[in-house]
Amino acid sequence: MVLQELRPALAGVLEGLTPPILRATDLGRRLSIDKNLSWHIFNAATAHDTRTLASLLPGRRAMERFFTAVAVQGVADGAIDRARAAYERFEASVERHAANRDAFAAMVAGIGLRDQGLDNHAAADAKQKRAMFRAASLLWGRQARVGLHALVVHPSAQPNLIDKVSVRATIGLHRTRRGVTLHTMGSLTHAPRRGDPPGPIAFEALDTREASPDSVGLLRDFCSQPPPQFRLQPCGEQSISYELVSNGVGVSSDVSFALGHVMRASGVMPGSVAGSEIAMSARVVAPWEVYIGDMLMHESVWDEGLPEVRVYAYPSQGSALEYRDADLLPIIEKTHYLGRGVDSGRTPLIPRYAEMMLYAMERVGWKPEEFRVFRCRVDYPVVQSRIRMRFAR
């Protein structure tokens, strides 16, 4: 619990720095702190497995240098105080449960010892995926720093059904060469599952300024300013896509945008129908440095049990809405439970993440503190793969 509070508290401090801090080297330059300290702080704030924080966190003196440096940069006192208090609770926990910091780190890491083989496999995959990202960025002529897909699940007003809110974002999208088309991260599609209501599912834009049938559904206040423009691109019977109107090249032309939609009565509650499930899939349509997949489950819909995550190739035959064992890729990814409330998902990789998710829930009248946050973070996801998270009883 202590580590679950500390990670978003550190992320909140980094969020207060302008322009956004997206790499450890950015943090070191901004605060004029040494490379070792900036690396440990940044990786603690962005860790997808909170168990690693115990080995990443600097000592008291180094942490005070960090807090002093961010205060000089104008970070709000409230964010700093929150992080300092969380760090003090962590130190108190170390003193209470272990002889020293190293012993505490080993104790916490041992909780997931059975996953050690999976971690080693993932480390071997990372080298290959990083090389693929670099090559794909040149060959495809585009790349982005972060791709986000967050699905919020809440009981529907109709018995045994659920409502969903989808928030998708691309951070730092740009061309690496001229003449390349920039698309959104995917199309608005719904794959019917066992027990789902009949008929098509309506995608309603959360931002009322995006009410037009041809609108992409931007969350305008959470995009690069001025908000980017898109043109509709039909791409078959199952889905639609949108092309970004832009001519820029390189990181100086970075565009960031977010999309938000609500789908009412779009599925069944887990366990109410045999074989029912709640799933979210993201198709990787551009080279991303990081993909973040979040599922925010209402406390009445799901407990703390982790969802399954699998990575599929985009099918050469059949429907893109089907997930067959023949299309599975030999890539191991994991999900982690981050805690309750949207603040537990805060990360400097996605500026204003918590504020954006709060806005989405306010639009549909849901209480943020009633949701559990599950995250799958994938570094250098494979282009034209589909990353699927699935809850099933």
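**Exercise 1: Charges over rings**

Find which arginine lies over the face of Tyr353, and which lies over the face of Tyr323.

*Solution.* Start with Tyr353 in this predicted model. Over its face lies Arg375, at 5.4 Å from the ring centre. Then turn to Tyr323: here Arg388 lies over the face, with 4.4 Å to the ring centre. As a check, the cut-off for a charge over a ring is within 6 Å of the ring centre.

**Exercise 2: Aromatic pairs**

Describe how the rings of Phe66 and Phe67 are placed, and decide whether these residues are buried or exposed.

*Solution.* A pair of aromatic rings is described by the distance of the centres and the angle of the planes. By the pairing rule, the count comes to 11 aromatic pairs. For Phe66 and Phe67, the centres are 5.5 Å apart and the planes stand at 50 degrees, so the pair is tilted. As for the surroundings, Phe66 and Phe67 are both buried.

Now take the rings of Phe133 and Tyr380, and work out what kind of pair they make and which parts of the chain they link.

*Solution.* Step one is the geometry: the ring centres lie 5.2 Å apart and the planes are at 50 degrees, so this pair is tilted. Step two is the position along the chain. Phe133 belongs to helix α8 (residues 116-140), while Tyr380 is in the loop between β11 (371-379) and β12 (385-392). The two residues are 247 residues apart, so the pair links distant parts of the chain. Step three is burial: Phe133 has 11% relative accessibility and therefore counts as buried, the cut-off being under 20%.

To finish with rings, look for the cluster: Trp302, Tyr337, Phe374 and Phe391 form one aromatic cluster.

**Exercise 3: Two packed helices**

Describe how helix α1 and helix α3 pack, and name the residues that meet.

*Solution.* Two packed helices are described by the angle between their axes and the distance between the axes. Helix α1 (residues 2-15) and helix α3 (residues 35-46) pack at about 115 degrees, and their axes are 7 Å apart. The crossing of α1 past α3 is left-handed. On the α1 side you can pick out Arg7, Leu10, Ala11 and Leu14; they meet Ile41, Phe42, Ala44 and Ala45 of α3.

**Exercise 4: Backbone details**

Locate the prolines joined by a cis peptide bond to Thr18 and to Gln225.

*Solution.* Thr18 is joined in this way to Pro19, with omega about -5 degrees. Pro19 sits in the loop between α1 and α2 (24-31). Gln225 is joined to Pro226, with omega about 0 degrees, and Pro226 is in the loop between β3 (204-205) and β4 (230-234).

Next, look at the phi angles of Arg352 and Gln384.

*Solution.* Arg352, which is not a glycine, has a positive phi near 65 degrees. Its place is the loop between β10 (336-340) and α9, and with a relative accessible area of 34% Arg352 is partly exposed. Gln384 also has a positive phi, about 65 degrees, although it is not a glycine. Gln384 is found in the loop between β11 and β12 and, at 25% relative accessibility, counts as partly exposed.

**Exercise 5: Confidence**

Find where confidence is lowest and where it is highest.

*Solution.* Begin with the whole protein: the mean pLDDT is 86, and 87% of the residues reach 70 or more. Confidence is lowest in helix α7 (residues 101-109), at a mean of 66, and highest in helix α9 (residues 353-364), at 97. Over residues 112-118, pLDDT stays under 50, and the model has 5 contacts beyond four places in sequence for them. Where pLDDT is low, the predicted coordinates should not be read in detail.

Terms used: Residues are numbered from 1 along each chain as its sequence is written. This is a predicted model: local features need pLDDT of at least 70, side-chain atom pairs count only at pLDDT 80 or more; totals for chains, interfaces and linings use all residues. Side-chain values use heavy atoms; hydrogens and water are left out. Rings of Phe, Tyr and Trp (its six-membered ring) pair if their centres lie within 6.5 Å; planes under 30 degrees apart count as stacked, over 60 as edge-to-face and the rest as tilted. Buried means under 20% relative accessible area, exposed over 50%, partly exposed in between (1.4 Å probe, protein chains only). Helices (H or I, at least four residues) and strands (E, at least two) are DSSP runs, numbered from the N terminus. A charge sits over a ring if NZ of Lys or CZ of Arg is within 6 Å of the ring centre and within 35 degrees of the ring normal. pLDDT is the predictor's confidence in each residue, from 0 to 100. Contact means heavy atoms within 4.5 Å. Axes are lines fitted to C-alpha atoms, for helices over the stretch in contact, and angles run from 0 to 180 degrees between N-to-C directions. A crossing is left-handed if the near helix is turned anticlockwise from the far one by less than a right angle, and right-handed if clockwise.
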